[in-house]
Amino acid sequence: MSRIGKAPISIPSGVTISVSDSNLVTVKGPKGELTQQVDADITLVQEDGTLTVNRPSEQKRHKALHGLYRSLINNMVIGVTEGYKTQQELVGVGYRATNQGNTLDLVLGYSHHYVFELPKEINVTTTAEKGKNPTIILESIDKQLLGQVAAKIRSLRAPEPYKGKGVKFVGEILRRKAGKSAAKK
């Protein structure tokens, strides 16, 4: 049995989970509402404050879907109660980030600016303190969408291994390389 799949999902107070006939799971909470289509083979049982995900057989496909849908639904529950947050910093001389509403304007050392229109589900804030790298803070209730947008921003200028310049996640440890060695005498 899948260790992740068999763990029950605890439903906090203020969160309601409804499952339609077509296995469409809707999670409503204080921060918003999320939906996820679940495979027809997977069954969901809701009883006294917990939700259990069950699979019909020991087929490899069912085993894979079991843990997947349990994780997706659990992420939805956490998203509508606490939300998700990710921080990225811009390392490099002259790198800047500004935002107006959900439009992110990035200066990443190219000859042009990157103007990035974010989905309405994501809130963005930028900080630029003197002596520190500019920071982009993304917040959302949808973990998958947040990760996808953060990865897209990072891909605009991924950190390089020699000086570490680029867009990196706060706390990310980069594998650094030594530069050219000095000429031998």
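Student: What span should the 22 residues of α2 have at 1.5 Å a residue, and how far apart are its end C-alpha atoms?

Tutor: Keep in mind that this is a predicted model. The expected span is 1.5 Å times one less than the number of residues, so α2 should cover 32 Å. The C-alpha atoms at its two ends are 33 Å apart, which agrees.

Student: Which residues of α2 are buried?

Tutor: Buried means under 20% relative accessible area. In α2 that group includes His62, Leu65, His66, Tyr69, Arg70 and Ile73. Further along, Met76, Val77, Gly79 and Val80 are also among the buried ones.

Student: And what does the backbone do just after α2?

Tutor: Look at Gly83: its phi is positive, about 85°.

Student: Let's go to the other side of the helix, then. Where does Arg55 lie, and is it buried or exposed?

Tutor: Arg55 is in the loop between β6 (50–54) and α2 (60–81). Its relative accessible area is 12%, so Arg55 counts as buried.

Student: What does the side chain of Arg55 reach?

Tutor: Two things to click on here. The Arg55 side chain comes to 3.3 Å from the backbone oxygen of Ser57. There's also a polar contact of 3.1 Å between the side chains of Arg55 and Glu58.

Student: Now the sheet. How do I read the order of its strands?

Tutor: Strands of a sheet pair through backbone hydrogen bonds, either parallel or antiparallel. Here, four strands form an open sheet in the order β11-β12-β7-β13, and the pairing is antiparallel. At the edges sit β11 (123–127) and β13, each pairing on one side only. On average, neighbouring strands are turned by 25° against each other, direction ignored.

Student: How many bridges join β11 and β12?

Tutor: Five bridges, in the antiparallel sense, with β12 covering residues 135–140. For a pair to look at, Val124 stands opposite Leu138 in β12.

Student: Which strands does α3 touch as it packs on the sheet?

Tutor: α3 touches β7 (84–91), β12 and β13. The direction of α3 makes about 5° with that of β7.

Student: What about Ala158: where is it found, and which residues does it touch?

Tutor: Ala158 is in the loop between α3 (143–155) and β13 (166–169). Leaving out residues up to four places away in sequence, Ala158 touches Lys165 and Gly166. Its relative accessibility is 41%, so Ala158 counts as partly exposed. Try a C-alpha to C-alpha distance too: Ala158 and Leu90 are 68 residues apart in sequence and 9.9 Å apart in space.

Definitions and conventions: Residues numbered from 1 in each chain as written. Predicted model: local features only at pLDDT ≥ 70, side-chain atom pairs only at ≥ 80, totals over all residues. Heavy atoms only, no water. Buried < 20%, exposed > 50% of the residue type's maximum accessible area, 1.4 Å probe, protein only. Contact = heavy atoms within 4.5 Å. Polar contact = N/O pair within 3.5 Å; in protein donor to acceptor, adjacent residues only side chain to side chain. Pairing = 2+ DSSP bridges. Axes fitted to C-alpha atoms, helices over the stretch in contact; angles between N-to-C directions.
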